[in-house]
Amino acid sequence: MSVLQRVVKPTTHKGKKVLLRKEPQIIEGTKRAIFFKGRKSSEKVRRVLRDIFDLKKPDAQMLSRNNDVTIFENATPVEAFCRKHDCGLFMMGSHSKKRPDNIVVGRMFNHSLLDMVELNIDNYEGLREFAVSKITIGIKPCLLFNGPHWEQSDEYRQLKSILIDFFHREQVDAVRLQGIEHTISFNALPDGKICLRSYKVLLKKSGVREPRVELEEIGPRINFTLRRTKLPSPDLMKEACKKPGELKVHKKKNISTDSLGTTHGRIHMGKQDIQKIQTRKMKGLKKTSEERIALKRKVLRESGDVSVKRRRSVSRGSSSSN
Amino acid sequence: MDVVNEILGNSSKESNKYKPVTVKKHLELEYDLGTLLAVDPNDFNIDLYSKNPNEYFLNLARDNTQLLLNKLWELPTERVEEAVMVKLPPPKTALPRMKPVPKPRPLTKWQKFAKEKGIQKKKKPKLSWDDQLKKWVPLYGFKKAKAEKEKNWVLEVPQNADPNEDQFNKKLVAKTENVSKNDLQRLRNIAKNKNIKVPRFGTSNPEVSSAKDLKAAITIAKASTASLGKFQDKLHKEVEAKGVSAITPGASRKRKMTPLEPENKLNMNIVESILNKKPRLDVDKAVAKQLQTNTFVENSQQKQGTSKGSQKIKNKTNKKPKGSKGHRAGKKGGGRKRR
C-alpha cells in the first residue's frame with residue numbers, strides 16, 4: 001500500500017520515510033537475507049548457517065530463536081519474518097529424525113513465497129577450519145557453476161537461480177579489476193552431490209596483460225544433496241522477472257552522429273501545397289472582387305457543401321429584408 | 001646473431017618464468033559478465049575427482065576463474081582515482097524482483113481536473129513580508145501560527161452579524177471544518193482509486209460546503225416533509241440535485257425496472273406470496289406476550305392470596321377471549337343505552 005494511499009497517515013516524518021523505504025522501488029538494491037533455525041537444529045546446521053551468514057554479510061540478518069516452522073506445509077510464518085525484516089531471501093536450518101541436517105533456501109516476491117529448495121548437508125568444513133587470511137566483507141564474488149547438470153533439470157535450474165540471487169550481491173555498472181577477490185564455485189556431480197567451495201583470488205604476474213589467477217581455499221566447504229523443492233508457477237516467475245518500463249532504453253529515431261562527432265537529425269516535413277504559397281504581393285496580380293467571389297464559389301462547389309451556400313444565401317436575404 | 005639469440009633466449013626464459021594464462025576447454029563456457037558468472041557445461045573428469053576431489057575442484061575453479069577474468073580484462077577500462085575500473089555489460093541472467101514494479105501514483109480528483117484544464121501549480125515563496133507586523137512570515141509552520149495570533153488580536157464584527165457572536169470561535173470552527181473536509185476528500189480519493197463505494201452522507205457545514213452540496217441539501221430538505229415535498233413551492237431558478245435519490249425521502253420509492261424477469265412472472269410472485277402466507281414468528285412480540293402472561297399470572301395469584309375465593313379465574317390459558325364461548329355476564333343494573 002502506497003504511503004499516500006493509506007487511510008491512516010504516518011504521524012511523523014521519520015515514520016513516513018520508513019514506510020517509503022519499504023515501498024516497491026524501480027531499482028532495487030541488494031536482496032537481504034534472513035537466517036533462522038527451525039524447531040530443532042544440530043551443531044552442523046548452526047555452523048553452516050553462521051558461515052553462510054558471514055559470507056552474505058552485511059546484507060544479512062540472523063534470528064536467534066528456534067521457530068516452530070514446517071515451511072513446506074505452511075510458509076506463512078516465514079513470509080511474516082521476511083516482511084518484518086524487509087528481506088527477499090531466507091535460509092532456514094533444521095534437524096529432525098526424518099530430515100537430519102536440513103537447510104532450506106528460498107526467496108520471496110511481493111511478501112509471499114516464490115520458490116525454495118531443501119538441501120541436506122552431507123559434509124561440512126567451516127570457515128574457521130581454514131587458517132588463511134579471509135576476504136574483504138561485502139565484496140562481489142565471481143560465481144562458477146561447474147558440471148552439465150545445472151542445465152538439465154528444472155530443480156537444478158531453479159537452485160542455480162536461487163544461488164546466484166543469494167550470492168551475487170548488487171548489480172553494478174563497473175568493478176575495480178584488482179578488487180576481484182572472491183570466487184564461489186558450485187559443482188553439481190552426476191551422483192547428485194552439490195559441492196560448494198569458496199576461494200580467495202590471487203592475481204599473479206603473467207608477463208602478459210591478463211594476470212595469472214591462483215586460488216586459495218578459504219572455506220566453507222559444504223557438500224549438499226537436493227531434497228524437496230517448491231518451484232514457482234511460470235506466471236508468477238514471469239511477473240517477478242518483469243523489468244520496469246522506465247528502465248527500458250528507448251531508441252531515438254532519425255538522430256545519428258557522424259565520425260567527426262557532429263549530430264545529424266532528419267526531420268519529416270509534410271507535403272507542401274505549392275498552389276497556396278504566398279508569393280510576393282503586387283498590385284498588378286491582385287484579384288478583382290468578381291474574381292474573388294468566383295474563386296470562393298469554386299471552392300465551395302469543389303467541397304460539395306451546397307447546403308452551406310444555400311443557408312448563407314437565405315440568411316443574407318433575411319438580413320436584407322430586416 | 002648472438003645478440004638476437006640472447007634476446008630470444010631471454011624472452012623465452014621470461015615467459016617460462018610465469019605460468020600460462022590460457023586454458024583449454026572441450027566446451028566453451030557461458031559467461032554473464034554483468035553478474036561475474038561463468039557456467040561450465042563440461043563433464044567432470046571422474047578419475048581426477050576420485051583421486052583428490054578437493055584439489056580437483058580447486059584446479060577446476062582456478063581454470064574457470066582464469067577464463068572469466070580473461071574475459072573481464074578484455075572489456076574497456078577507465079581510470080578512476082588511481083584504480084582501473086572495468087565497465088560491465090548489463091547482466092544476462094534474469095533474476096526475480098523482491099517487490100512488484102511500482103505502479104504510477106493514481107491522480108486525485110483535483111489533479112485530474114487540473115491536468116484536463118492545464119492548471120499548473122504555482123510555486124509560493126516560503127517567506128513573505130508582512131507589512132502590518134514588519135517582518136518576514138513563513139507560509140506555514142509554527143512561526144506562521146504565532147504571527148497569525150499577533151496579527152489577529154482583534155477581529156472586526158461584520159455588518160448584519162450578531163454582535164454577541166464570538167468571531168474568534170467562528171474562525172476556529174471554519175478552520176477545523178476545512179481541515180476535516182480536506183481529510184474527507186483524501187479518503188474519498190483513496191476509496192475511488194481502490195474501487196470502494198462510499199455511501200453519500202448529507203451535507204457538511206454550510207460555511208465550507210460547495211454549491212453542489214448546498215444544492216443537494218435543498219433537494220433533500222424540500223422532500224423532508226410529511227407529504228414528501230409534494231406541496232413545496234419551487235424556488236427561483238431552482239435545479240434539482242442529481243444522484244441524491246438514495247438519501248432523499250420518497251425518491252428511492254420509485255419502482256425500478258427489472259428486465260431480468262418478465263412482468264407476468266413478477267406479478268405471479270406477488271400473488272403467490274399473498275396466497276401462501278405463512279404466519280411469521282415475531283420474536284419481540286412473542287417475548288412481550290410471554291412477559292405479559294407472567295405478570296398476569298403473578299397478579300392473579302396475589303389477588304387470590306388476598307381475597308380468598310372471591311373470584312375464580314375461568315380462563316387460565318390467557319388466550320384472547322373469543323365471542324360465543326364464554327357466558328355472557330349480562331347487564332348489571334340498568335342504565336342508559338349507549339350507542
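Select B:Pro106 to begin: at 34% relative accessibility this residue counts as partly exposed, the class between buried (under 20% relative accessible area) and exposed (over 50%), for a 1.4 Å probe and protein chains only. The structure is a predicted model, in which local features need pLDDT of at least 70, side-chain atom pairs count only at pLDDT 80 or more, and totals for chains, interfaces and linings use all residues. Residues are numbered from 1 along each chain as its sequence is written, chains are lettered from A and ligands numbered from 1 in the order in which they are written, and side-chain values use heavy atoms, with hydrogens and water left out.

**Stop 1: the surroundings of B:Pro106**

B:Pro106 is placed in the loop between strand E4 (83–87) and helix H4 (109–117) of chain B; helices (H or I, at least four residues) and strands (E, at least two) are DSSP runs numbered from the N terminus. Display next the residues in contact with B:Pro106, contact being heavy atoms within 4.5 Å. Leaving aside neighbours within four places in sequence, these are A:Gln5, B:Gln111 and B:Asn193. Then select B:Lys194, whose C-alpha is 9.9 Å from that of B:Pro106, although 88 residues separate the two in sequence.

**Stop 2: the whole interface**

Colour the two chains separately. In contact across the interface are 76 residues of chain A and 57 residues of chain B. The two chains bury about 6100 Å² between them, with 64% of this on carbon and sulfur atoms; buried area is the accessible area (1.4 Å probe) lost by two parts on being put together, summed over both. Select A:Gln5, A:Leu177 and A:Arg212: these supply 11% of the area that chain A buries against chain B, more than any other three residues.

The interface also holds 28 residue pairs in polar contact, both residues at pLDDT 80 or more. A polar contact is a pair of N or O atoms within 3.5 Å; within protein, one must be able to donate a hydrogen and the other to accept it, and residues adjacent in sequence count only if both atoms are side-chain atoms. Several elements of chain A each supply at least two residues of the side that touches chain B, among them strand E6 (142–146), strand E9 (193–204) and strand E10 (212–217). E9(A) gives the most to this side, with six residues. The residues of this side of chain A divide into 36 nonpolar, 16 polar and 24 charged, where Ala, Val, Leu, Ile, Met, Phe, Trp, Tyr, Cys and Pro count as nonpolar, Asp, Glu, Lys and Arg as charged, and the others, Gly among them, as polar.

**Stop 3: strands within and between chains**

Show E6(A) together with strand E2 (residues 37–40) of chain B: the two pair in the parallel sense over four bridges, pairing being assigned if DSSP finds at least two bridges between strands. Here A:Phe145 stands opposite B:Val39 in E2(B).

Move to E9(A) and E10(A), which run antiparallel and are joined by six bridges. A:Leu203 has A:Val213 in E10(A) as its bridge partner. Five of the six residues of E10(A) are buried, so this strand is largely enclosed by the rest of the structure.

**Stop 4: B:Arg62 against E10(A)**

Select B:Arg62 in helix H3 (residues 53–74) of chain B. B:Arg62 is buried, with a relative accessible area of 8%. Not counting residues up to four places away in sequence, B:Arg62 touches A:Arg212, A:Val213, A:Glu214, A:Leu215 and B:Val23. A polar atom of the B:Arg62 side chain lies 2.6 Å from the backbone oxygen of A:Val213.

**Stop 5: salt bridges**

Over all chains the count comes to 28 salt bridges, each a side-chain nitrogen of Lys or Arg within 4 Å of a carboxyl oxygen of Asp or Glu. Three are found across the interface of chain A and chain B. One to select joins B:Lys19 to A:Glu214, with the closest N and O atoms 3.9 Å apart. This pair crosses between chains, from the loop between helix H1 (2–17) and strand E1 (30–32) of chain B to strand E10 of chain A.

Within chain A, select A:Lys160 and A:Glu151, whose side chains meet in a salt bridge at 2.5 Å, N to O. A:Lys160 is buried at 10% relative accessible area, whereas A:Glu151 is partly exposed at 34%. In the salt bridge of A:Lys57 and A:Asp54 the N to O distance is 3.3 Å; A:Lys57 is partly exposed at 28%, and A:Asp54 is buried at 18%. Finish with A:Lys31, A:Arg107, A:Asp115 and A:Asp165, which are linked in a network of salt bridges.
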